[in-house]
Each structure stands twice: as structure tokens, then as C-alpha cells.
Amino acid sequence: MTISWQAFRQEASDCLRALVRLDTTNPPGNERIAADYMAEALAAHGIKSVIRESAPTRANLVARYAGTDSAAGALLLSSHTDVVPVERAGWTREPFSGEIADGCIWGRGSIDMKSKCAMDLVMMTAMKRAGVTPNRDVIIAAVADEEAGSDFGAKFLVERHPELVRAGYVLNEVGGFTVHLRNKRFYPIQVAEKGFVTIKMKVTAPPGHGSMPRSDTAISRMSELITRIVRTPMRKNVSPFMRQTLAEMGVPVESPGPLFAPMLANTVSPTILRAGYKDNVIPGEATIVLDGRTLPGEDPESFMAELRQIVGPEPTFELLKTAPPAETSPDTPLFELIKKTVEAADPGSLAIPWMIPGATDSKFYSKLGAACYGFSPVKLEPHMPFGSLYHGNDERLPIEGFYWGLKVYAEVVLKFLGIKFDAVFG
């Protein structure tokens with residue numbers, strides 16, 4: 001039985017709106033409500049799922065649809081159900097309403113990333129309803145805690161339940177959206193992401209009475225170090241694929257601009273500063289949390305060695321948390337299929353391999369040997385401030401752009417699984 005494409009589009013948007021209405025703000029998370037919603041939808045079509053909680057309410061849903069060749073590397077369709085907090089005063093519409101207005105679906109998670117949750121869910125149920133059998137297993141994973149480091153989500157599954165999510169290929173978030181540059185259209189497909197190294201840096205100096213000022217204090221020393229950090233760029237290290245990507249986009253490596261510069265070097269940003277405990281006491285120590293981001297090929301030790309060259313020998317470093325960078329070659333059948341399908345759907349555009357400066361769950365799936373790509377396609381008009389809506393106020397997703405992306409996504413997934421599009425959709 002084939003499914004009407006028009007009905008499928010409506011089903012996907014209804015699913016997205018329902019997920020947006022579920023408040024899974026992290027912290028605290030409470031991803032269980034989203035996992036239960038998806039489990040119920042899968043069960044309605046005879047698809048079994050499992051939910052693994054890493055802590056109370058921190059739920060991860062996984063479902064598998066068996067293919068003809070269980071030995072072939074499975075295709076994992078991954079998403080996360082948690083969202084970042086909102087500042088309601090900055091929103092013009094209710095952030096958990098899923099309201100449709102101005103041609104968009106509004107709400108926290110509409111972009112990041114419940115749209116991908118919805119696409120994955122309806123894709124699996126559509127294959128089941130159409131009675132088709134893929135050439136390899138298909139897994140969907142809707143996980144917790146991506147927005148806070150993944151300890152309760154993908155990292156937990158990879159370390160504690162690897163049999164549930166081990167796959168040959170992964171399609172995850174952050175990729176396939178339109179970038180308008182110099183009257184051309186590009187679709188970055190994530191093949192790499194930076195790691196993170198979070199450090200607490202501390203300096204000390206003798207404390208004293210606030211009525212006896214002096215120039216050499218823990219605060220003054222820390223101030224000098226912060227200035228040095230923000231004004232000293234870390235060494236440039238351009239990967240071969242990023243060099244080619246920038247050349248195709250017409251962006252010079254020597255002066256890439258603020259959008260591209262973080263992809264060409266390690267970076268560090270001061271984020272949390274603490275000093276003092278009483279208004280008339282010069283404190284004896286000052287600390288700052290540094291958000292470090294590392295290129296593929298780097299590790300915490302090499303990053304801290306580079307940071308040490310900037311700040312000198314005085315401050316102490318405490319490593320708070322870390323996760324490795326990840327990189328997948330674009331020279332695979334799946335990437336080639338993505339590229340060909342996207343460019344056919346928007347003639348004249350160019351799909352390009354891409355590195356993101358942030359982190360996703362792909363870094364954990366890659367530990368199990370998977371080739372991971374960020375691909376959650378959406379077509380955007382030039383005026384759409386897409387990038388600033390990630391974690392921003394008035395997060396919203398253009399409906400027609402979502403439908404375009406849904407079609408591209410369905411074509412890629414089905415073709416990679418050896419299923420004809422018209423065998424599922426009429």
C-alpha cells in the first residue's frame with residue numbers, strides 16, 4: 001500500500017508540532033515524554049521500540065526495522081529530543097505551542113532538532129505501512145541530553161548499550177540547509193565536527209583588605225590572562241576537505257571571516273568568571289572556565305599545550321570535561337548520494353562537505369565505527385536568519401522549506417536502502 005505524499009507531508013508537520021509542544025528543556029530534560037510519544041506512534045504501526053533511561057526521566061528511544069542483510073552496516077537515523085531553555089520575554093509567540101504563523105512552525109526545537117525527530121519517525125512508519133523491506137537494518141534513535149554533553153544520551157547508549165546503536169552509517173543533525181553566498185546557493189553537509197575541552201583555569205595571589213589597593217592581585221592577573229586569550233589567535237590548521245570547500249565557495253583561507261575562521265583552528269572562549277566573596281576583601285584566587293574546541297587530530301593534551309603557550313606557566317589547569325573531534329570521509333556512497341540528490345532538488349546549487357565548530361552526538365557514534373553525516377535538509381530563502389535561530393529567540397522552521405527537505409531526505413534514505421520512492425509514496 002502506497003502513501004499519499006500530501007498526507008505524508010501533513011503527518012510529518014503534525015508530528016513536529018506535537019513534539020514541540022512537549023517541554024523537554026534541558027536542564028532538567030524530562031525526555032521521557034517525547035520518548036513515550038514516539039514509542040506510541042511506532043507501536044500504532046506494529047513497530048517495537050525500547051526505551052533506556054540513563055537516569056529517571058532521561059529516556060532514550062531506539063527502534064529497529066529489519067532489512068534483508070543483517071550483516072550489512074545498519075543505517076542509523078539519529079535525533080535528540082532535549083532542547084535548550086528559553087527566555088520567554090524575548091519571544092513573540094509561545095515557545096512550546098507549535099503554532100503555525102507567517103509560513104513557519106514556531107517553537108523551541110522546531111529547528112534544533114525535533115524536525116529531524118519527526119522526519120525519522122514518519123519515515124520508519126511509512127516503510128512499515130508500505131510493506132517494503134530495506135537492504136539493511138534501519139535504526140532510529142531519539143536520545144536525551146545532547147544539549148548538555150550527551151552523558152545521559154548518545155554517550156550512555158554507546159558505552160552501555162552499543163548493540164542498540166551500532167551502525168555502518170549515521171544521519172544526524174546540522175547539514176543540508178541553504179546557505180546563500182555571493183548569489184550562489186550552497187548546502188553544507190556535515191562530515192566533521194570539533195571536539196570540546198572544558199578547562200577551569202586558576203590564578204592565586206596574596207589576599208588583602210580592600211582599603212589597601214595594589215596592582216598585583218588574583219583579579220588583575222586573571223584580567224591580563226583573559227585579554228591575552230581573546231586577543232591571541234590559535235594556530236591555523238586547514239584540513240584538505242575544508243581547503244577544497246572554501247575554494248568552491250570562493251572564500252580565501254588567509255582571510256576567511258568570522259563564520260569560517262573557527263573551522264580552521266582550535267579555539268578557546270572564556271565563559272564563567274569567579275573571584276571574591278566579600279566586598280572589602282581582595283580575593284586570593286580567581287578562576288575562569290574556558291570553552292575549548294579542538295580540530296580533528298587534536299586531543300586535550302595538545303590543546304592545553306597550545307593554550308599554555310598563550311597564558312604562560314602561572315595559571316593552573318583543571319580539565320572539567322572533554323569529548324573528541326570526529327571526521328568522516330566524504331568519499332562514500334552515502335555522501336555521493338546525498339550530494340547528487342540535493343543538487344538535483346535545487347538545480348544550480350552545490351552540496352559541500354562541512355565542519356561544524358560545535359558538537360553533536362555523531363562524535364559518540366563514530367566511536368563504534370560509523371560513518372556519520374549531518375543531514376537534516378531544509379530549503380531557506382535568503383532573508384531567513386536560520387543560524388541565529390539555533391538556541392535563539394523565536395525559533396521557527398519554514399513549512400515549505402521543511403517539506404522540500406522532507407522529500408530530499410526521503411529520497412536519500414529510501415534509495416540508500418534499495419527502495420524505490422514510488423514503492424512507498426503514491
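Select strand β9, residues 184-193, together with strand β17, residues 350-356: in this predicted model the two strands run parallel and are joined by 7 bridges. To see one of the pairings at residue level, display Phe-186 of β9 and its bridge partner in β17, Leu-350. Then colour β9 by accessibility; the strand is mostly covered, with 8 of its 10 residues buried.

**Other partners of β9**

Add strand β8, residues 179-181, to the selection. β8 and β9 pair in the antiparallel sense over 3 bridges. Which residue of β9 is the bridge partner of Val-179? It is Phe-186, the residue that also has Leu-350 as its bridge partner in β17. Centre next on the hairpin of β8 and β9, where 2 residues lie between the strands. There, Arg-182 takes a positive phi near 55°.

Moving along β9, select strand β16, residues 326-327. β9 and β16 run antiparallel and are joined by 2 bridges. Show Glu-193 and Ala-326 as sticks: Glu-193 stands opposite Ala-326 of β16.

**The second largest cavity**

Keep Glu-193 and Ala-326 displayed, since both belong to the lining of the second largest cavity. This cavity has a volume of about 40 Å³. To complete its lining, add Gln-190, Val-191, Ala-192, Glu-327, Thr-328, Ser-362 and Cys-372. The elements that give two or more residues to this lining are β9 and β16, and β9 gives the most, with 4 residues. By class, the lining has 4 nonpolar, 3 polar and 2 charged residues.

**The largest cavity and Phe-386**

The structure holds 2 cavities of 30 Å³ or more. Turn now to the largest cavity, which has a volume of about 100 Å³. It is lined by 14 residues, and those closest to its centre are Ile-111, Ser-115, Ser-376, Phe-386 and Tyr-390. The lining divides into 9 nonpolar, 3 polar and 2 charged residues.

Select Phe-386 from this group; it is found in helix α11. Is Phe-386 buried or exposed? Phe-386 is buried, with a relative accessible area of 7%. Leaving aside residues up to four places away in sequence, Phe-386 touches Ile-111, Phe-177, Val-378, Leu-380 and Leu-397. For a distance check, draw a line between the C-alpha atoms of Phe-386 and Glu-411: they are 24 Å apart in space, with 25 residues of separation in sequence.

**A three-stranded sheet**

Leu-397, one of the residues touched by Phe-386, leads to strand β19, residues 396-398. Select β19 with β4 and β5. They form an open sheet of 3 strands in the order β4-β5-β19, with antiparallel pairing. The edge strands are β4, residues 100-101, and β19, each of which pairs on one side only. Strand β5, residues 104-106, pairs with β19 over 3 bridges in the antiparallel sense. Within that pairing, display Trp-106, which stands opposite Arg-396 of β19.

**The largest pocket**

Next, show the surface around Ile-356, Pro-357, Gly-358, Ala-359 and Tyr-390. Of the 42 residues that line the largest pocket, these are the closest to its centre. The pocket has a volume of about 1200 Å³. Tyr-390 is also among the residues closest to the centre of the largest cavity.

To see which elements build the pocket lining, colour β8, β10 (195-204), β12 (267-275), β14 (285-294), β17, α10 (362-365) and α11 (386-389); each supplies at least two residues. The largest share, 4 residues, comes from β14. The lining divides into 23 nonpolar, 10 polar and 9 charged residues.

**The cysteines**

For the last stop, select the cysteine sulfur atoms. How many disulfides does a search of the whole structure find? The search finds 0 disulfides. Centre on Cys-15: its closest cysteine sulfur, in Cys-117, is 8.2 Å away, which is too far for a bond. Cys-15 is buried, with a relative accessible area of 4%. Cys-104 is likewise in no disulfide, and the nearest cysteine sulfur, that of Cys-15, lies 18 Å away. At 6% relative accessibility, Cys-104 also counts as buried.

Notes
Residues numbered from 1 in each chain as written. Predicted model: local features only at pLDDT ≥ 70, side-chain atom pairs only at ≥ 80, totals over all residues. Heavy atoms only, no water. Disulfide = S-S within 2.5 Å. Buried < 20%, exposed > 50% of the residue type's maximum accessible area, 1.4 Å probe, protein only. Pairing = 2+ DSSP bridges. 1 Å grid on protein atoms, 1.4 Å probe; cavity = no way out; pocket = protein on both sides within 12 Å on 5 of 7 lines; lining within 4 Å. Points joined across faces, edges and corners; volume = space filled by probe spheres on them. Nonpolar A, V, L, I, M, F, W, Y, C, P; charged D, E, K, R; others polar. Contact = heavy atoms within 4.5 Å.
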